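User: I am new to this structure and would love a close look at one part of it. Could you walk me through how the helices of the second chain pack, and then show me how that compares with what lies around it?

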Amino acid sequence: MAGLIKEGLLRSTWIPGLQFVRGRKVNVQRPRPPHYERALALAVLQPQYDWDSKVANSLPKSETCMKIPEIEKYKTRPDNPLERIFAKELKELFETKKLIAFLHANPICGEDLFSARVKLKKEGMKLEVYSKNIVKMALNGTPYETVIQLFVAHSALIFCDEPKVGKLIKIVKKIPQYAIMAGIVEGRLLSMTQMQAYAELGDLDSARAQLVATLNSAGSGLVSRLTQAQNNLITNLNQIIEQKTKVDS
Amino acid sequence: MSIPFSGVLGLSGGLTAAIAKQVKSVNLKPVKRVVFKFDPFHDSVEQTRYFMYYMNTEKVAKTNLQCIVKTQIVCDRSDPSVSFSLASGEEFVFKSANLSVLEMLTLYNKHITQEAISINLRRNYLLLH
């Protein structure tokens, strides 16, 4: 018997078995989750640290918790080249456009969204939706960093080459699904009330014309006041001359 | 004698499922006017904005087409709030700085949707008698 064990079991050499996988794809990147029994075995084989040691006891519970590294794995976002391209485009838009409006977006159906886009396009405006992560990627480290907090919930962006704030407020008022939260007008971050005040100011050219007119009015007023006495004297003298000529004739 | 089963058989669907369940039963019928007031730069405005999103879904809006929904965006660092003016003259104000969406929805269903149900019951009772 002993001889049999020695010959048959202990002397038997392990011959590697070949398994052909031709015809089916080998799933390397995302392997199938193991069977429950196997998963159990794998979990048992995970390295266990000596948590009773002095070092572990001196650490707070939040540090020694084994769940945290597991959660961290899901928290980090994998690098996405397409997102990077979108972020670059968004950064360029922020640097070039004169009017950027930040909207809160409520659910909107496709038809309404299309008609809203048409209304905006007639004024040369463009409605865009970017994800929180792209906005973060694009604006971190730029002067526009403050606006990242506006993207915590559903939001949208409107870009325009000209600062048509009045037109924008008028259009968005007619789209109940959107509400303007803030805007960047010519590089300045304005709140909704400030944007309304800006819209009431009107065009820059007309404001300039108004300023010139007020400056001119001061000058012309001074001139008229200075020449008023002389003009009065002239008219009085003329009247006296007329009266005298009438008497003589 | 066996012990009767109590509790749930499956796992909970989580926060999203709980919100969806509450949104399903939201009824705007007793409400005349809703005003969402918030400062977008406030630290705890996120949940109010989500609440506003859920209250503006098509299904909820269809429960009362006469209801006026207003958004008041301010810039004075004041806490966000949601006020509901009811047709009965009552007014409910949610000071929502420290409330989550789920809490707001459950509060709405508890106080305002319940009113719509009781109105319906009263009407049915009057029709029957």
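Analyst: Here is a walk through the helix packing of chain B, followed by a few stops in chain A.

Please keep in mind that this is a predicted model. A good place to begin is helix α4 of chain B, which covers residues 101-128. Two helices of chain B are described here by how they meet α4(B), so let us take them in turn.

Start with α1(B), the helix of residues 15-24. The axes of α1(B) and α4(B) are 9 Å apart, and the two helices pack at an angle of about 25°. Angles under 35 degrees count as roughly parallel, so α1(B) is roughly parallel to α4(B). The crossing of α1(B) past α4(B) is left-handed. On the α1(B) side, the residues that meet the partner are Leu15(B), Ala18(B), Ile19(B), Gln22(B) and Val23(B). On the α4(B) side they are Val101(B), Leu102(B), Leu105(B), Thr106(B) and Asn109(B). Sorted by character, the residues of this contact are seven nonpolar and three polar, with no charged ones.

Now turn to α2(B), made of residues 46-55. Its axis comes within 9 Å of the axis of α4(B), and the two cross at roughly 50°. With that angle, α2(B) and α4(B) are therefore oblique to each other. Here α2(B) passes α4(B) in a right-handed crossing. From α2(B), the contact draws on Gln47(B), Thr48(B), Tyr50(B), Phe51(B), Tyr54(B) and Met55(B). From α4(B), it draws on Val101(B), Met104(B), Leu105(B) and Tyr108(B). This contact holds eight nonpolar and two polar residues, and again no charged ones.

If you look back over the residue names, Val101(B) and Leu105(B) of α4(B) meet α1(B), and Val101(B) and Leu105(B) also meet α2(B).

Tyr108(B) gives us a path to the next stop. This residue of α4(B) takes part in the contact with α2(B), and Tyr108(B) is also in contact with Asn27(B). You will find Asn27(B) in the loop between α1 and β1 (31-38) of chain B. Is Asn27(B) buried or exposed? With a relative accessibility of 18%, Asn27(B) counts as buried, because buried means under 20%. Setting aside neighbours within four places in sequence, Asn27(B) also contacts Thr63(B), Thr113(B) and Ala116(B).

A second buried residue of chain B sits in a strand. Ser85(B) belongs to β3, residues 81-86, and its relative accessible area of 18% makes Ser85(B) buried. Beyond residues up to four places away in sequence, Ser85(B) touches Val31(B), Lys32(B) and Arg33(B), together with Glu90(B) and Glu91(B). The loop leading from β2 (68-73) to β3 of chain B holds Arg77(B). Arg77(B) has a phi near 55°, a positive value in a residue other than glycine.

For a view of what lies beyond chain B, chain A has a helix pair of its own to show. Helix α6(A), residues 81-96, packs with α8(A), residues 132-139, at an angle of about 60° and with axes 8 Å apart. The two are therefore oblique to each other, and α6(A) passes α8(A) in a right-handed crossing. Among the residues that make this contact are Phe86(A), Leu90(A) and Phe94(A) of α6(A), and Ile134(A), Val135(A) and Met137(A) of α8(A). The contact of α6(A) with α8(A) divides into nine nonpolar, no polar and three charged residues.

Chain A also has some loops worth a visit. Gly141(A) lies in the loop between α8 and β3 (155-160) of chain A, and with a relative accessible area of 70% Gly141(A) is exposed. Glu186(A), in the loop between β4 (178-185) and β5 (188-191), has a positive phi near 50° although Glu186(A) is not a glycine. At 43% relative accessibility, Glu186(A) counts as partly exposed.

Finally, step back to chain A as a whole. Chain A is divided into domain 1 (81-200) and domain 2 (203-236), and the centres of the two domains are 45 Å apart over C-alpha atoms. Helix α11(A), residues 204-248, contains Glu242(A), which counts as exposed at 51% relative accessibility. The C-alpha atom of Glu242(A) is 82 Å from that of Glu111(A), with their positions 131 residues apart along the chain.

Terms used:
Residues are numbered from 1 along each chain as its sequence is written. Chains are lettered from A and ligands numbered from 1 in the order in which they are written. This is a predicted model: local features need pLDDT of at least 70, side-chain atom pairs count only at pLDDT 80 or more; totals for chains, interfaces and linings use all residues. Side-chain values use heavy atoms; hydrogens and water are left out. Domain bounds come from an automatic or database domain assignment. Axes are lines fitted to C-alpha atoms, for helices over the stretch in contact, and angles run from 0 to 180 degrees between N-to-C directions. Helices (H or I, at least four residues) and strands (E, at least two) are DSSP runs, numbered from the N terminus. Angles under 35 degrees count as roughly parallel, over 145 as roughly antiparallel, 65 to 115 as roughly perpendicular and the rest as oblique. A crossing is left-handed if the near helix is turned anticlockwise from the far one by less than a right angle, and right-handed if clockwise. Contact means heavy atoms within 4.5 Å. Ala, Val, Leu, Ile, Met, Phe, Trp, Tyr, Cys and Pro count as nonpolar, Asp, Glu, Lys and Arg as charged, and the others, Gly among them, as polar. Buried means under 20% relative accessible area, exposed over 50%, partly exposed in between (1.4 Å probe, protein chains only).
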